[in-house]
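Student: I have a structure open on my screen and would like to talk it through with you. Could we begin with how the strands are put together?

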Amino acid sequence: MNLVVKPKKNSPEIVAVTPESAGWKYISFSAHRLAPGETLTFSDPANELCVVVLTGIVSAQAENFTWKEIGGRMSVFEDASPTAVYLPPRAKLSVTAKTEAEIAVAGGPAEGKLPVRLIEPAAIKRSVRGKGSNTRYVCDILPQDEPAESVLVVEVRTPGGHSSSYPPHKHDTDNLPEESELQETYYHRLNPPQGFAFQRVYTDDRSLDESLAVEDHDVVMVPRGYHPVVVPYGYDSYYLNVMAGPTREWHFRNDPAHEWMLKK
């Protein structure tokens with residue numbers, strides 16, 4: 001099973017994952033480049049969308065809302081939160097770039113119970129996870145305690161020489177409240193961009209066990225299993241996670257073989 005989706009060459013759509021291409025039910029994901037003055041329109045008849053301004057400055061319009069010059073960070077590796085827009089099914093969002101921009105679009109099934117809204121950087125919770133060489137920096141763009149019907153969206157920066165999503169954990173079993181069933185995508189960026197990181201996706205019985213070298217703009221699909229990331233010295237890692245499943249709750253189970261390190 002090929003879990004890595006490579007970026008397209010010379011395309012404004014950097015990468016795209018659909019339920020059909022992934023062979024799963026819940027998540028769609030895409031990333032896009034916009035040149036200054038270029039406009040892209042996003043809409044989905046069956047999915048809610050979380051449109052994240054990863055980099056650049058854009059203006060956006062949806063229904064009766066107009067937001068001028070939102071975004072602002074020039075790199076995902078800046079110590080700054082992004083701006084995002086929540087879009088229910090059938091709503092239409094037009095994004096026009098003022099500068100070069102990179103946009104990510106996370107989607108999951110929804111009925112349209114919630115309105116369009118802007119998610120501003122000041123409203124995004126930021127935290128530090130882990131300790132020592134397991135330290136990483138988290139922005140919860142659309143966590144489970146913020147309104148949405150299915151998608152969860154979070155971004156993580158991991159310094160070079162550190163591990164992340166570690167100790168290995170999984171969320172592939174509908175066993176609430178101990179564990180929730182969530183599919184997941186990782187959209188990877190590396191700094192400098194010629195770098196690489198390693199991600200392993202594996203199950204307890206090793207029926208799935210893939211060790212992956214990931215490069216800038218790659219997407220890793222996690223249909224099930226544990227999914228740690230390790231970043232070599234000299235290169236910093238960023239990834240944008242999208243999760244969705246039958247219940248919009250994030251409860252995970254650590255790999256028992258490695259859980260001992262949390263007690264140190």
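Tutor: Let me start with a term we shall need: two strands count as a pair if DSSP finds at least two bridges between them. Please also keep in mind that this is a predicted model. With that in hand, there is an open sheet of four strands in the order β15-β23-β20-β21, and its pairing is antiparallel.

Student: Which strands are at the edges of that sheet?

Tutor: The edge strands are β15, covering 163-164, and β21, each of which pairs on one side only.

Student: How many bridges hold β15 to β23?

Tutor: Two bridges join β15 to β23, which spans residues 229-230, and the two strands run antiparallel. As one example of the register, Ser164 has Val229 in β23 as its bridge partner.

Student: And how many between β20 and β21?

Tutor: Seven bridges join β20, residues 196-202, to β21, residues 209-215, and this pair is antiparallel. Within that pair, Val201 has Glu210 of β21 as its bridge partner. The two strands form a hairpin with six residues between them, and in this hairpin Arg206 takes a positive phi near 65 degrees.

Student: Let me zoom out. How many helices and strands are in the protein?

Tutor: The protein has one helix and 25 strands.

Student: What about its overall dimensions?

Tutor: Taken along the principal axes, the C-alpha atoms fill a box of roughly 50 × 40 × 35 Å. The radius of gyration is 18 Å, which agrees with the value near 18 Å that a compact globule would have with 264 residues. Of those 264 residues, 52% count as buried. If you look at contacts with a separation of 6 or more, 73% of them are between residues 24 or more positions apart.

Student: I keep clicking on His188. Is it buried or exposed?

Tutor: His188, which is found in strand β19, has a relative accessible area of 0%, and because buried means under 20%, this residue counts as buried.

Student: Which residues does His188 touch?

Tutor: Leaving aside residues up to four places away in sequence, the contacts of His188 include Gln199, Val214, Glu215, His217, Val229 and Tyr238. By contrast, Ser207 is 19 residues from His188 along the chain, and the C-alpha atoms of these two residues are separated by 25 Å.

Student: New topic: pockets. How much space lies in the largest pocket?

Tutor: The largest pocket holds about 400 Å³ of space. It is lined by 25 residues, and those closest to its centre are Arg129, His169, Met243, Trp250 and Phe252. The elements that give two or more residues to this lining are β13 (136-142), β14 (152-158), β19 (183-191) and β24 (236-244), with β14 giving the most, four residues.

Student: What is the make-up of that lining by class?

Tutor: The lining of the largest pocket has 14 nonpolar, seven polar and four charged residues.

Student: And the second largest pocket, where does its lining come from?

Tutor: The second largest pocket has about 260 Å³ of space. Among its 18 lining residues, Ser28, Ser30, Asp44, Leu49 and Val105 are the closest to its centre. At least two lining residues each come from β2 (13-17), α1 (19-22), β3 (28-34), β4 (39-42) and β5 (47-55), and the largest share, four residues, belongs to β3. By class, this lining has eight nonpolar, seven polar and three charged residues.

Notes
Residues are numbered from 1 along each chain as its sequence is written. This is a predicted model: local features need pLDDT of at least 70, side-chain atom pairs count only at pLDDT 80 or more; totals for chains, interfaces and linings use all residues. Side-chain values use heavy atoms; hydrogens and water are left out. On a 1 Å grid over the protein atoms alone, a cavity is a set of points where a 1.4 Å probe fits but cannot get out, and a pocket is an open set with protein on both sides within 12 Å along at least five of seven lines; lining residues have an atom within 4 Å of a point. Grid points are joined across faces, edges and corners, and a volume is the space filled by probe spheres set on the points. Ala, Val, Leu, Ile, Met, Phe, Trp, Tyr, Cys and Pro count as nonpolar, Asp, Glu, Lys and Arg as charged, and the others, Gly among them, as polar. The radius of gyration is taken over C-alpha atoms; the globule rule is 2.2 Å times the number of residues to the power 0.38. Buried means under 20% relative accessible area, exposed over 50%, partly exposed in between (1.4 Å probe, protein chains only). Contact means heavy atoms within 4.5 Å.
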